[in-house]
Amino acid sequence: MNAKRMLLETALAHFAEDGYEGASLQKIAEEVGIKKPSIYAHFKGKDDLFLCSLKNALKEEKRRITRFFISRKDQPLDRRLSGLLAFLQEEYNRSSESKFVLRMSFFPPSSLYDEVMKLIYPFLDSMERRVLRLMEQGKADGTAPIANPEDASVAYMTLVDGIMIEMVYSGMASAKRRLKASWPIFWAGIQASQA
């Protein structure tokens, strides 16, 4: 593995665990086995390393979500969508990329707020568009009686936000409890809007 790739992977783990402010370029360099000044041969500085790490993490998250939906394409829509919420919870515990993306979505460094949001918003928008397409398809083929797929997809993303922020603040057990309680109500509600 080349030095730049190693730096990105190591930095991502440090940013995910310690945040932007807590991550140390010195520690990152030591873990990679280089001297701190060598980082500047690959990146302009900490900001550049952070933003490149976030871009890579977002690409990986998008790939994982795509693979998730492809692997479950034969499941009913409600199982795919509730399954995605459970999958995102598992990924948060398993993957540095997921943890990094989630934390930066809610708690970006104030000095890089605009740059981070320019990366995060398109990622979230693409996820919402994917959910909308699934809901429109379910409505069209009669497998998911959703009166207003656009509103339902916005509500779904709001549910995602709530479950994920609960996980960050209160932990996995609390997030799972909230998902278990809220999913049946959400699904019944978007179907009831058909009547």
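Axes here are lines fitted to C-alpha atoms, for helices over the stretch in contact, and the angle between two of them runs from 0 to 180 degrees between N-to-C directions. Two packed helices are described by this angle and by the distance between the axes. In this predicted model, helix α3 (residues 46–71) and helix α4 (residues 77–94) offer a good example: their axes come within 11 Å and cross at roughly 140 degrees. That angle makes α3 oblique to α4, because only values over 145 count as roughly antiparallel. The crossing of α3 past α4 is right-handed.

It helps to look next at the residues that meet. From α3 come E61, R64, I65, F68 and F69, and from α4 come R80, L81, G83, L84, F87, L88, E91 and R94. Sorted by character, the residues of this contact comprise 7 nonpolar, 1 polar and 5 charged.

One of these residues, L81, leads on to the interior. In soluble globular proteins, nonpolar side chains tend to be buried together. The largest nonpolar core in this model holds 60 residues, of which L81, M135 and Y156 touch the most other members. Helices α1 (3–22), α2 (25–32), α3, α4, α5 (96–106), α6 (113–141), α7 (149–170) and α8 (172–192) each give two or more residues to the core, and α3 gives the most, with 9 residues. Leaving out residues up to four places away in sequence, M135 touches L77, L81, I146, P149, A152, S153, Y156, F186 and I190.

Helix α3 also carries S53. This serine counts as buried because its relative accessibility is 1%. Beyond its neighbours within four places in sequence, S53 is in contact with L8, A11, L12, F15 and F100.

Key:
Residues are numbered from 1 along each chain as its sequence is written. This is a predicted model: local features need pLDDT of at least 70, side-chain atom pairs count only at pLDDT 80 or more; totals for chains, interfaces and linings use all residues. Side-chain values use heavy atoms; hydrogens and water are left out. Helices (H or I, at least four residues) and strands (E, at least two) are DSSP runs, numbered from the N terminus. Angles under 35 degrees count as roughly parallel, over 145 as roughly antiparallel, 65 to 115 as roughly perpendicular and the rest as oblique. A crossing is left-handed if the near helix is turned anticlockwise from the far one by less than a right angle, and right-handed if clockwise. Contact means heavy atoms within 4.5 Å. Ala, Val, Leu, Ile, Met, Phe, Trp, Tyr, Cys and Pro count as nonpolar, Asp, Glu, Lys and Arg as charged, and the others, Gly among them, as polar. A nonpolar core is a set of buried Ala, Val, Leu, Ile, Met, Phe, Trp, Tyr and Cys residues joined through side-chain atoms within 4.5 Å. Buried means under 20% relative accessible area, exposed over 50%, partly exposed in between (1.4 Å probe, protein chains only).
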